[in-house]
Each structure stands twice: as structure tokens, then as C-alpha cells.
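Here's a short set of exercises to work through with the coordinates open. Try each one yourself before reading the solution.

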Amino acid sequence: MRRSMSIHYPIGESGQVLTLEQNVLAHFAKWRQSDPKMPEAGGQLFGVVQGQSVELMRATGPINSDRRGRFFFIADRFAERREIITLHKSGLHYLGDWHTHPEAVPTPSGTDLSSMADLFVRSKHDLNAFLMVIVGTAEFPKGLHVSLHETNAWSTLKAAEKAQKAQEAF
Ligand SMILES: [Zn+2]
């Protein structure tokens with residue numbers, strides 16, 4: 001049996017662990033802006049929360065109605081809302097958003113931070129925080145920014161050591 005690749009992120013002192021599953025990493029790798037002409041991409045993140053484990057199982061988007069440029073990505077929010085309802089029926093919960101940056105090791109922009117705080121305030125959700133993933137051009141996990149956002153606070157998550165295998169795969 002082949003062991004599937006995934007990256008684990010301990011969530012602060014909570015004992016919770018966020019896992020980015022293989023198919024999610026593959027989706028990110030596909031939209032990475034490694035070619036200088038590729039526009040930004042993005043979408044939503046879905047998964048399952050069970051006790052101490054938060055499993056990120058599905059990354060969606062981009063879709064045709066999003067607006068995309070080299071340095072911007074504006075999601076079709078109506079389509080996103082429909083997607084949240086549809087996937088909820090199959091047991092997947094909306095956990096947050098992802099998008100790409102044309103830089104090797106991505107850091108959130110001021111707009112990224114304010115939009116996540118805004119989203120947290122406006123959305124109906126059962127989560128303590130919203131997840132944001134930014135996909136850079138470096139190999140993973142170095143090329144991934146993963147953070148959790150609340151109204152007035154946010155924190156960056158660091159990949160656990162076991163991530164080495166995924167780095168080789170992507
Ligand atoms: Zn950004």
C-alpha cells in the first residue's frame with residue numbers, strides 16, 4: 001500500500017493538528033504561479049473537524065467567473081456561497097480560503113489580512129477561527145503560508161517535521 005503524502009500543522013498550544021491532505025497539496029501545486037505569465041488563482045477550503053484533528057480535504061477553484069490577474073484574485077462570492085451549501089450536504093465544512101502569490105515564500109498582504117478578519121465577522125460558522133492558505137512558488141511546505149484568523153488576531157502555523165516527504169513529492 002502506498003502511503004499518501006500530507007503535511008501536518010500543530011495549532012498553537014491547543015493540541016489540535018491541521019492536516020493538508022495529498023489531493024489538496026496537488027491542487028495547490030497545479031495552480032502555483034511558477035510561470036511568470038500565470039495569473040493568481042484561489043478558492044475555498046473544506047474539511048472535517050473531529051476532536052483534535054482538523055482535516056483539510058478539499059480545495060476548490062478557481063472558476064471562470066472569478067476575476068484573475070498577475071497580482072490580484074477576486075472570487076465570485078455568489079458561486080462560493082452556493083459551493084458552501086452543496087459541499088456541506090456531503091459532510092464537508094467550510095474552513096477558509098486559499099489563493100496564490102507570485103513569490104517563492106508567500107506572506108499575506110494587508111488586504112489578505114483585512115479580508116480574512118472581515119470574513120470571520122460576517123460568516124455564520126462553527127469555527128473558532130478561519131483558515132487562510134497562500135500558495136507561493138517554492139516547494140512545499142516552504143512555499144505555503146498557513147494561518148488562522150479571528151476578528152482582531154491571527155497566527156501563522158508552522159509545518160511539523162514530518163512534512164519532509166511531501167516536500168519531495170511536490
Ligand atoms: Zn494575497
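**Exercise 1. Work out the order of helices and strands along the chain.**

Read along the sequence, the pattern is β-β-α-β-β-β-β-α-β-α-β-β-β-α. That makes four helices and ten strands, where helices (H or I, at least four residues) and strands (E, at least two) are DSSP runs numbered from the N terminus. Bear in mind that this is a predicted model: local features need pLDDT of at least 70, side-chain atom pairs count only at pLDDT 80 or more, and totals for chains, interfaces and linings use all residues. Residues are numbered from 1 along each chain as its sequence is written.

**Exercise 2. Check the radius of gyration of the chain against that of a compact globule.**

Start with the rule: 2.2 Å times the number of residues to the power 0.38, with the radius taken over C-alpha atoms. For 170 residues this gives a value near 15 Å, and the chain has 15 Å, so the two agree. Next, the C-alpha trace spans about 40 × 40 × 30 Å along its principal axes.

**Exercise 3. Lay out the open sheet and find its edges.**

Step one is the order: eight strands run E1-E2-E4-E3-E7-E8-E9-E10, with mixed pairing (two strands pair if DSSP finds at least two bridges between them). Step two is the edges: E1 (7-11) and E10 (154-156) each have a single partner strand, so one side of each is left without a neighbour in the sheet. The twist averages 25° from one strand to the next.

Now zoom in on a pair. E3 (residues 42-50) and E4 (residues 53-59) run antiparallel and are joined by six bridges, with Val-49 standing opposite Val-54 in E4.

**Exercise 4. Decide whether H2 is the length it should be, and whether it is buried or in the open.**

First, length. The expected span is 1.5 Å times one less than the number of residues; for the 13 residues of H2 that is 18 Å, and the end C-alpha atoms are 19 Å apart, which agrees. Second, burial (buried means 20 or more other C-beta atoms within 10 Å of a residue's own, exposed 12 or fewer, partly exposed in between, with C-beta atoms placed from the backbone). The number buried in H2 is one, so the helix lies largely in the open. Right after H2 comes Gly-91, with a positive phi near 85°.

**Exercise 5. Trace how E9 sits among its neighbours, and say which of its residues are buried.**

On one side E9 pairs with E8, antiparallel, over six bridges, and Val-133 has Val-146 as its bridge partner. E9 also pairs with E10, again antiparallel, over three bridges; here Leu-148 stands opposite Ser-155, and a hairpin of four residues makes the connection. Then check the faces: Leu-144, Val-146 and Leu-148 on one side, and His-145, Ser-147 and His-149 on the other, are all buried.

**Exercise 6. Say which strand gives the most to the largest nonpolar core.**

A nonpolar core is a set of buried Ala, Val, Leu, Ile, Met, Phe, Trp, Tyr and Cys residues joined through C-beta atoms within 7 Å. The largest one has 33 residues, and those with the most contacts inside it include Phe-28, Leu-45 and Phe-130. E8 gives the most, with six residues.

Terms used:
Axes fitted to C-alpha atoms, helices over the stretch in contact; angles between N-to-C directions.
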